[in-house]
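Colleague: I would like a close look at a single part of this model, taken slowly and with its surroundings included.

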Amino acid sequence: MVGNMIGVLFDGIAYGSLLFLISVGLSVTMGMMNFINLAHGAFAMVGGYVCVTLLSRLGLPFLATLPLAFLAAAVIGLVLERVLYRRLYKASHLDQVLFSIGLTFMAVAGATWLFGPTQQPVNLPDWLRGQVHARFLGLGLDLGVYRLFLIGVVVLVTTALVLLIERTRFGAQIRASVDNQTAAAGLGINVSRVFSLTFALGSGLAGLGGGLGIDVLGLDPSFPVKYMVYFLLVVAVGGAGSIKGPLIAALILGVFDVAGKYYVPEVGAFVIYTLMVVLLILFPFGLVRRKA
Amino acid sequence: MSAPIDTKLATPANPANPAAAGAPAAVPILARLPNDRWKPLEIVFWLLPVAAWFLFPNHLVLVSQIMIVGLFALSLDLVLGYAGIVSLGHAAFFGLGAYTAGLLSVHGWGEPVSGLFAAALVAGLAGLVVSFLVVRGQDLARLMVTLGIGLMLFEAANKAAFITGGVDGLSGMAMQPLFGAFEFDLYGKTAFWYSLGVLFLLFVLLRRVVNSPFGLSLRGIREGGRRMPAIGANVDRRLKVAFTAGAAIAGVAGALLAQTTQFVGLDSLGFPRSAELLIMLVLGGTGRLYGALVGAAVFMVAQDFISGLDPAYWQFYIGLLLVLIVLFARGGILGGLEKLAQLVKPAARKEGA
């Protein structure tokens, strides 16, 4: 029973860290540009399809496809930001929502056209399959290797991200632009370039998450719509514009979602939606409120 | 004919002009309300469905559906176009209304008009509850709450298959004749007049509401929510009323669809329906009432036409259309026509002078 609970907790954390990886870019862009981007899941989907295509058509090793998934999503994000998104930073939230729903629909139809409506299979390398047996507090546990790998990657990426934002010049520019665009621009920061690069970085991380997540989340053209709620949820609950907030929110959501599906499968996705409504009522501005 | 009067009245009709709120007290407030007279164009517009009855006798079902969805879009226009609440889960109330009417009829209460009232009551109550959550947050939280409620209801209807029929939908509805006299027929003749009647009645009501001081205060909240408390408006309460009314009307639309098609599918609650509804509304133009109807008509005719040619990629064109509207054609069809009219008008006035 206890081992069972720890197993669920472990799966939940793995799932939550994946959600965090995909959503963190959304959080930063939403906090920075105040842009409600419902199309964020489409970047994750791009990463997923890049991974699958490289794996099955070109036979690249799984690990090599991940950076390429990041790169592809980042480049697409950069182009879209430069060409389309930046026109709408000052627009109303309704316009942003409509625009990004439009993009999502186009991405879904495009993916159907290119890859067909079915689920994409992913062949993980042997060393990522199966389970490892671990002893923890005197309990024998079977942990999925791939989930361990996932958590490891997310810890690495998050550390790198925190270092980037806290310790580098570019990070300081990002923080300054999030806090006060006008003042940042007045200090000679090229805010529009910072926006573009941050958007590309966020899209890239989503792409990486999409590639990593094929085995956990599945991959089919309806991906951006199916998981849109989850990504938005992480940001809305965690609070836009930070890293800590979405991380906490993603882990909570991940654990509750997995636990809900495991212990009370008959109520299905109800657990997560109830949790979301409750959290939004308690914290209408997110768990971690950004200091402006 | 009455061009000078029109221009004078156009100023206060301009949504939430802050100057209007702080106008000198000497001006009687009533004179600043928008003109409530029916314009000739409006009368022509309402003759269109009647014309459709004679011109397209084989497409009555489609025309009825357009009117029902138009009513649904009207309800969103009140919530979004006037009160400025971005809702991604408006279909929840549509579906609630549809299931209420459907379940009543399946369990032996097949009287249509009372079914509509029941649907309005249920959807309105749900709207009232949700409205308390909606007024708490800003745009993002509102979006998430409405989206979440919609998804929750969808999930609930999906899981409660013993009541709702689940994925298979609710069938076996038996409707009694309308007013005890008009049987719902296979060609949709009764359904046509029934839908038109309900749509028109509710439209008149909504038209009255949005031109009332209450409607104007909603526009004020939409344009500048922080200033409205300063002139003594209870923002939260007005938003709650608007949201609840919007939910109730959406419920009526859902009930109409259920009663006229005698079937309720799970998709009536789904997110795609909420999203499509938003698209129709912005396609026609928000905050105008007629925009909702025009948008619904254009959207559904296009859907009927295009998805006949190329069903799989309908979604792509819809997405493209949305992006184009947002980037280049804010205000939708009616907004564009208004701009055109403004271009033409000064020229016409010069000729007249």
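In which hand, left or right, does α6(B) pass α7(B)? Please start from that crossing and then follow the packing outward from there.

Modeller: The model is predicted, and everything below should be read with that in mind. In it, α6(B) passes α7(B) in a right-handed crossing. The two elements are helix α6, residues 112–134 of chain B, and helix α7, residues 139–159 of chain B, and their axes come within 9 Å and cross at roughly 150°. Angles over 145 degrees count as roughly antiparallel, and α6(B) and α7(B) are therefore roughly antiparallel to each other. On the α6(B) side the residues that meet the partner helix are Val130(B), Leu133(B) and Val134(B), while α7(B) brings Arg142(B), Val145(B), Thr146(B) and Ile149(B). Sorted by class, the residues of this contact comprise 5 nonpolar, 1 polar and 1 charged.

From α7(B) the packing can be followed to a further helix of chain B. Helix α5, residues 91–106 of chain B, has an axis that comes within 8 Å of that of α7(B), and the two cross at roughly 30°. Here Ile149(B), which also takes part in the contact with α6(B), is joined by Gly150(B), Leu153(B) and Ala157(B) on α7(B), and these meet Ala91(B), Ala92(B), Gly95(B), Leu96(B) and Tyr99(B) of α5(B). The contact of α5(B) with α7(B) has 7 nonpolar and 2 polar residues, and no charged ones.

Helix α5(B) in turn packs on helix α11 of chain B, residues 235–261, with axes that come within 6 Å and cross at roughly 45°. That angle makes α5(B) oblique to α11(B), and the crossing of this pair is right-handed. From α5(B), the residues Phe93(B), Phe94(B), Gly95(B), Leu96(B), Gly97(B), Ala98(B), Thr100(B), Ala101(B) and Gly102(B) take part, and among their partners in α11(B) are Ala247(B), Ala250(B), Gly251(B), Gly254(B), Ala258(B) and Gln259(B). The residues of this contact divide into 12 nonpolar and 7 polar, again with no charged residue. Gly95(B) and Leu96(B) thus appear in the contact with α7(B) and also in the contact with α11(B).

These pairings belong to a chain whose secondary structure comes to 15 helices and 0 strands. Of the 353 residues of chain B, 47% count as buried, and among its contacts between residues at least 6 apart in sequence, 78% join residues at least 24 apart. One backbone detail elsewhere in chain B deserves a careful look, namely Leu289(B), which has a positive phi of about 65° although it is not a glycine. Most residues other than glycine have a negative phi. Leu289(B) sits in the loop between α12 (271–284) and α13 (290–309) of chain B, and it counts as buried because 24 C-beta neighbours lie inside 10 Å.

Returning to α7(B), its residue Val145(B), which takes part in the contact with α6(B), is also in contact with Leu280(A) of the other chain. Leu280(A) lies in helix α12 of chain A and counts as buried, because it has 23 C-beta neighbours inside 10 Å. Apart from residues within four places in sequence, Leu280(A) is in contact with Ala236(A) and Val237(A) in its own chain and with Gly137(B), Ala141(B), Met144(B) and Val145(B) in chain B.

The contact between the chains takes 34 residues from chain A and 30 residues from chain B. On the chain A side, α4 (93–115), α10 (228–238) and α12 (270–282) each supply at least two residues, and the largest share, 16 residues, comes from α4(A). By class, that side has 26 nonpolar, 5 polar and 3 charged residues.

Within chain A, α12 also holds Ile272(A), which counts as buried because it has 23 C-beta neighbours inside 10 Å. Not counting residues up to four places away in sequence, Ile272(A) touches Leu253(A), Phe256(A), Asp257(A) and Gly260(A). From Phe256(A), Ile272(A) is 16 residues away in sequence and 6.7 Å away in space, C-alpha to C-alpha. Helix α11 of chain A, residues 244–263, has 20 residues and reaches 28 Å from its first C-alpha to its last, close to the 28 Å expected at 1.5 Å a residue. Leu253(A), Asp257(A) and Gly260(A) are among the buried residues of α11(A).

How values were computed:
Residues are numbered from 1 along each chain as its sequence is written. Chains are lettered from A and ligands numbered from 1 in the order in which they are written. This is a predicted model: local features need pLDDT of at least 70, side-chain atom pairs count only at pLDDT 80 or more; totals for chains, interfaces and linings use all residues. Two residues are in contact if their C-beta atoms, placed from the backbone, lie within 7 Å. Helices (H or I, at least four residues) and strands (E, at least two) are DSSP runs, numbered from the N terminus. Ala, Val, Leu, Ile, Met, Phe, Trp, Tyr, Cys and Pro count as nonpolar, Asp, Glu, Lys and Arg as charged, and the others, Gly among them, as polar. The expected span of a helix is 1.5 Å times one less than its number of residues. A residue is buried if 20 or more other C-beta atoms lie within 10 Å of its own, exposed if 12 or fewer, and partly exposed in between; C-beta atoms are placed from the backbone. Axes are lines fitted to C-alpha atoms, for helices over the stretch in contact, and angles run from 0 to 180 degrees between N-to-C directions. Angles under 35 degrees count as roughly parallel, over 145 as roughly antiparallel, 65 to 115 as roughly perpendicular and the rest as oblique. A crossing is left-handed if the near helix is turned anticlockwise from the far one by less than a right angle, and right-handed if clockwise.
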